[in-house]
Amino acid sequence: MSFDSEAYRQASLDAWEAAAPGWVRRQETMRRYAAPVSHELLDALSLQPGERVLELAGGVGETGMLAAELVAPGGSVIISDQAEAMLEGARARALELGLGNVELRVLNAEWIDLPLASVDAVLCRWGYMLMADPAAALGETRRVLASGGRLAFAVWDSVQSNPWALLPAQELIERGLAPAPRESSDPRPGPFALGDSEALRELVAQAGFAEIEIEVLELPRRHSDFEELWETTLDLSHDFHDTVLSQPAERMDEIKASLAERFAPYTAPDGALEIPGRTLVVSAGA
C-alpha cells in the first residue's frame with residue numbers, strides 16, 4: 001500500500017493535539033529526562049546574545065526556552081509546533097518563567113512560514129523523524145537559515161537500542177493489537193525512522209548542509225517503579241494509550257502484567273527501573 005502523506009499529516013496533527021495534555025502533565029519528567037539532549041543541542045549551536053533562533057516541533061518548548069536565556073539580551077526564539085495544544089503548554093511555561101523574548105507560532109516544518117535567511121540557528125529535538133517528508137523539512141530549514149547559520153537536532157537511534165519503546169511495541173504486536181513493522185527501503189515516518197547514521201548524514205547533506213557531525217548519546221530512562229513507567233507511557237504515547245484503553249479491563253490488566261515481566265531485567269530489587277536508551281545528535285552548518 002502506498003504511503004498517503006496527506007492522510008499521515010492530518011492524523012499526526014490530530015494525534016499531537018490529543019496527546020498534548022499528557023505531555024503537559026509530564027513536562028517536568030521529560031524536562032529532566034531530556035536535559036542531556038537539550039544541552040548537547042545548545043552546545044552544538046554555540047548561541048550568542050542577539051541571535052534569532054527557531055525551534056521546530058518544539059512541543060512544550062523546553063529546549064527553546066533554554067535557548068532564549070542564551071540569546072538575551074537582544075536575541076529571540078521562535079518556539080514552533082504544528083499542534084496549538086502543545087504550544088498552549090509552552091505558553092504557560094514561558095509566562096511562569098517570565099521570558100519576554102519568546103514567540104510561539106504554529107508552523108509546519110515542511111513549509112516554514114518565515115522569510116529566506118531569517119534566523120541564525122535552528123534546533124529540533126526528536127521531530128524530523130516524525131515528519132511525512134523529512135527531506136523537505138530539512139530543505140526548508142536550510143532555506144530559513146542565514147549564511148553561516150547552524151542546525152542542531154536529535155533523532156532516536158534504532159528501536160533495538162531503545163527497549164523503553166521496543167518492549168511496549170512488541171507486547172501490542174504479539175497480541176495482534178498493532179501491525180508488525182514493514183520491511184521497506186523507503187521507511188515510513190516514526191520515532192526510529194532516521195536511526196541509521198549513514199543514511200541520516202546523506203539526508204542532511206542533500207539538504208545543502210556542510211560540516212555534518214553525528215554524536216551518539218546514551219540516554220537511559222529511569223522510573224521509581226513500573227507503575228510510574230506504565231502511567232508515563234500512557235501519557236506520552238498516544239497510540240499505546242488509545243490501544244490499551246480500548247481493551248476490556250481484564251485484557252488491560254494482562255497487558256500491564258506482561259509488560260512488567262518484559263521490563264523485569266531492568267528492575268532493581270527496590271523496584272526502580274533503569275532502561276537503556278540511545279539518541280543521535282546531529283549538528284551542521286548552512
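**Exercise 1. Find what share of the residues in this predicted model is buried.**

Solution. Start with the cut-off: a residue is buried when its relative accessible area is under 20%. Applied to the 286 residues of the protein, this gives a buried share of 48%. Now turn to the outside: the exposed surface comes to about 13,300 Å², and carbon and sulfur atoms supply 52% of that area.

**Exercise 2. Check the radius of gyration against the value for a compact globule.**

Solution. For 286 residues, the globule rule predicts a radius near 19 Å. The protein has 19 Å, so the two agree. As for the outline, a box along the principal axes that holds the C-alpha atoms is roughly 55 × 45 × 30 Å. Inside are ten helices and nine strands.

**Exercise 3. Work out which residues touch the most other members of the largest nonpolar core, then follow Val122 outward.**

Solution. This core has 82 residues, and those touching the most other members are Leu54, Val122, Trp126, Tyr128, Phe153, Leu200 and Val204. Next, take Val122 and set aside its neighbours within four places in sequence. Its remaining contacts include Leu45, Leu54, Leu56, Tyr128 and Leu151.

**Exercise 4. Decide whether helix α8 is largely enclosed or not, and name what covers it.**

Solution. Helix α8 spans residues 226-236. Eight of its eleven residues are buried, so the helix is largely enclosed by the rest of the structure. Among the buried ones are Phe226, Trp230 and Asp235. Their cover includes helices α1, α2, α9 and α10, together with strands β7 and β8.

Technical notes:
Residues numbered from 1 in each chain as written. Predicted model: local features only at pLDDT ≥ 70, side-chain atom pairs only at ≥ 80, totals over all residues. Heavy atoms only, no water. Helix = DSSP H or I, 4+ residues; strand = E, 2+ residues; numbered from the N terminus. Rg over C-alpha atoms; globule rule 2.2 N^0.38 Å. Buried < 20%, exposed > 50% of the residue type's maximum accessible area, 1.4 Å probe, protein only. Areas by Shrake-Rupley, 256 points an atom, 1.4 Å probe, with all protein chains shown as cover. Core = buried A, V, L, I, M, F, W, Y, C linked by side-chain atoms within 4.5 Å. Contact = heavy atoms within 4.5 Å.
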